[in-house]
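Let's take a friendly walk through this protein, one group of side chains at a time. Keep the viewer open and follow along.

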Amino acid sequence: MKQRIILLTGASSGIGEEIARQLVRRGDFPLLVARNAKKLMALKREFGQGDVFPCDVTSQKAVNQVIHKAIARYGRVDVLINNAGFGHFGGALHTSMTDYATMAETNYLGAVRLTKEILPHMLRQGSGRIINMASVAGLTGIPNLSAYCASKFALIGFSEALKLEFSPRIQVGVLCPGPVQSPFFRGEDPYRLFPELIAGQLLDVQTVARHAVKLIDHPRVKVIPRGMSWAMRMRHLAPGIYLWAMKKLYDTYEKKQHTYQGHEA
């Protein structure tokens with residue numbers, strides 16, 4: 001099989017579904033991984049190609065079985081895209097330990113499990129590419145997203161360590177999008193969850209998927225949209241000023257929210 005074989009987690013909806021669709025248009029062969037087997041089968045029928053591997057990435061046994069089956073069936077995996085993830089909004093004190101743990105298990109440790117299982121096969125192949133779907137929330141703290149931020153910070157640190165340890169044989173890319181119009185918001189208005197300056201940077205899944213697919217050819221850390229990229233550059237160059245500005249921005253946002261809620265009541 002001359003097509004690139006690409007194993008994609010979180011493939012059943014949102015960004016993952018769109019990544020799968022764009023991979024097929026490029027001529028790649030996607031191995032679709034997610035918990036929703038029915039949705040994966042529907043996508044396979046739509047695409048007319050690819051393969052389906054139902055899996056919960058929080059289960060080591062399930063991950064082991066998926067990688068074993070994929071390698072046994074196709075002989076190799078050229079690219080791993082760790083996209084499975086989710087988030088909950090809520091203050092640090094109001095977020096349950098269960099939510100902290102489940103976000104870490106999926107967003108961070110899920111990627112670690114897949115990577116650790118597939119990496120030995122890639123090393124034997126002599127090459128491989130790993131694309132980790134992180135977030136701007138993995139580069140800077142965001143109020144009401146402490147658990148999500150922590151899981152994405154961990155994923156970025158893991159990705160950087162992988163690159164230092166295994167390049168050039170294994171190329172590692174990380175995508176850090178800002179807010180995305182996807183099932184993440186569960187129908188909530190982003191302008192009720194973020195300050196206007198940030199909510200106005202909202203991305204669509206097609207744009208995020210396009211950048212993710214591009215990273216396969218040129219793996220690196222990529223922040224989108226451009227406004228967020230400049231903000232992260234400022235955080236790196238002048239962290240004190242950046243954090244002061246973010247604090248002012250969110251304090252103003254919180255006052256507006258309280259005023260709005262008071263009018264609703």
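A good place to begin is a network of salt bridges that links E17, E18, R21, R25, K39 and E46. Please keep in mind that the model is predicted.

**The charged network and its surroundings**

Within this network, E46 and R21 form a salt bridge whose closest N and O atoms are 2.9 Å apart. E46 belongs to helix α2 (residues 37-47) and R21 to helix α1, so this pair ties together parts that lie 25 residues apart in sequence. E46 has a relative accessible area of 47%, so the residue counts as partly exposed.

Is E18, another member of the network, buried or exposed? With 8% relative accessibility, E18 counts as buried. The residue is found in helix α1, which covers residues 14-26. Apart from neighbours within four places in sequence, E18 is in contact with R25, V205, Q206 and A209.

Two of those partners lead us on to helix α7 (residues 205-217), where V205 and A209 are among the buried residues. Others on the buried list of α7 include V208, H211, A212, L215 and I216. The N-terminal end of α7 is capped by D204, which places a side-chain oxygen 3.1 Å from the backbone nitrogen of Q206.

**More salt bridges**

How many salt bridges does a search of the whole structure find? The search finds 13. Three of them are set out here.

| Salt bridge | Closest N and O atoms |
|---|---|
| R4 and D217 | 3.2 Å |
| E46 and R21 | 2.9 Å |
| D78 and R76 | 2.9 Å |

The bridge between R4 and D217 links distant parts of the chain: R4 is in the segment before β1 (5-9), D217 is in helix α7, and 213 residues separate them. R4 is partly exposed, with a relative accessible area of 23%, and D217 is also partly exposed, at 35% relative accessibility.

For the bridge between D78 and R76, D78 counts as buried at 18% relative accessibility, whereas R76 counts as partly exposed at 21%. The cut-off for buried is under 20% relative accessible area, so D78 at 18% falls in the buried class.

R73 lies in helix α3 (residues 60-74). Its relative accessible area is 48%, which makes R73 partly exposed. Not counting residues up to four places away in sequence, R73 touches D51 and F53. The side chains of R73 and D51 are joined by a polar contact of 2.7 Å.

**A buried lysine without a salt bridge**

Now turn to K152, which lies in helix α5 (residues 146-166). K152 is buried yet has no salt bridge. Where is the nearest side chain of opposite charge? That side chain belongs to E105, 14 Å away. A salt bridge needs a side-chain nitrogen of Lys or Arg within 4 Å of a carboxyl oxygen, so at 14 Å E105 does not form one with K152.

What does the side chain of K152 reach at 2.9 Å? The backbone oxygen of M133 lies at that distance. M133 also appears among the contacts of K152, together with N107, A134, S135, A137 and G138, when neighbours within four places in sequence are left aside.

**Aromatic rings**

The structure holds four aromatic pairs. One of them, F89 with F194, is edge-to-face, with 5.6 Å from centre to centre and 75° between the planes. F89 lies in the loop between β4 (79-82) and α4 (97-125), and F194 in the loop between β7 (180-181) and α6 (196-199), so the pair ties together parts 105 residues apart in sequence. F89 counts as partly exposed at 27% relative accessibility, while F194 counts as buried at 5%.

Y108 and F158 make another pair: their ring centres are 6.3 Å apart and their planes stand at 80°, so this pair is edge-to-face. Y108 lies in helix α4 and F158 in helix α5, so parts 50 residues apart in sequence are tied together. Y108 is partly exposed, with a relative accessible area of 25%, and F158 counts as buried at 17% relative accessibility.

One last ring to look at is that of W230: the charged end of R233 sits over this ring, 4.6 Å from its centre.

How values were computed: Residues are numbered from 1 along each chain as its sequence is written. This is a predicted model: local features need pLDDT of at least 70, side-chain atom pairs count only at pLDDT 80 or more; totals for chains, interfaces and linings use all residues. Side-chain values use heavy atoms; hydrogens and water are left out. Helices (H or I, at least four residues) and strands (E, at least two) are DSSP runs, numbered from the N terminus. Buried means under 20% relative accessible area, exposed over 50%, partly exposed in between (1.4 Å probe, protein chains only). Lys and Arg count as positive and Asp and Glu as negative; His and the chain ends are not counted. A polar contact is a pair of N or O atoms within 3.5 Å; within protein, one must be able to donate a hydrogen and the other to accept it, and residues adjacent in sequence count only if both atoms are side-chain atoms. Contact means heavy atoms within 4.5 Å. Rings of Phe, Tyr and Trp (its six-membered ring) pair if their centres lie within 6.5 Å; planes under 30 degrees apart count as stacked, over 60 as edge-to-face and the rest as tilted. A charge sits over a ring if NZ of Lys or CZ of Arg is within 6 Å of the ring centre and within 35 degrees of the ring normal.
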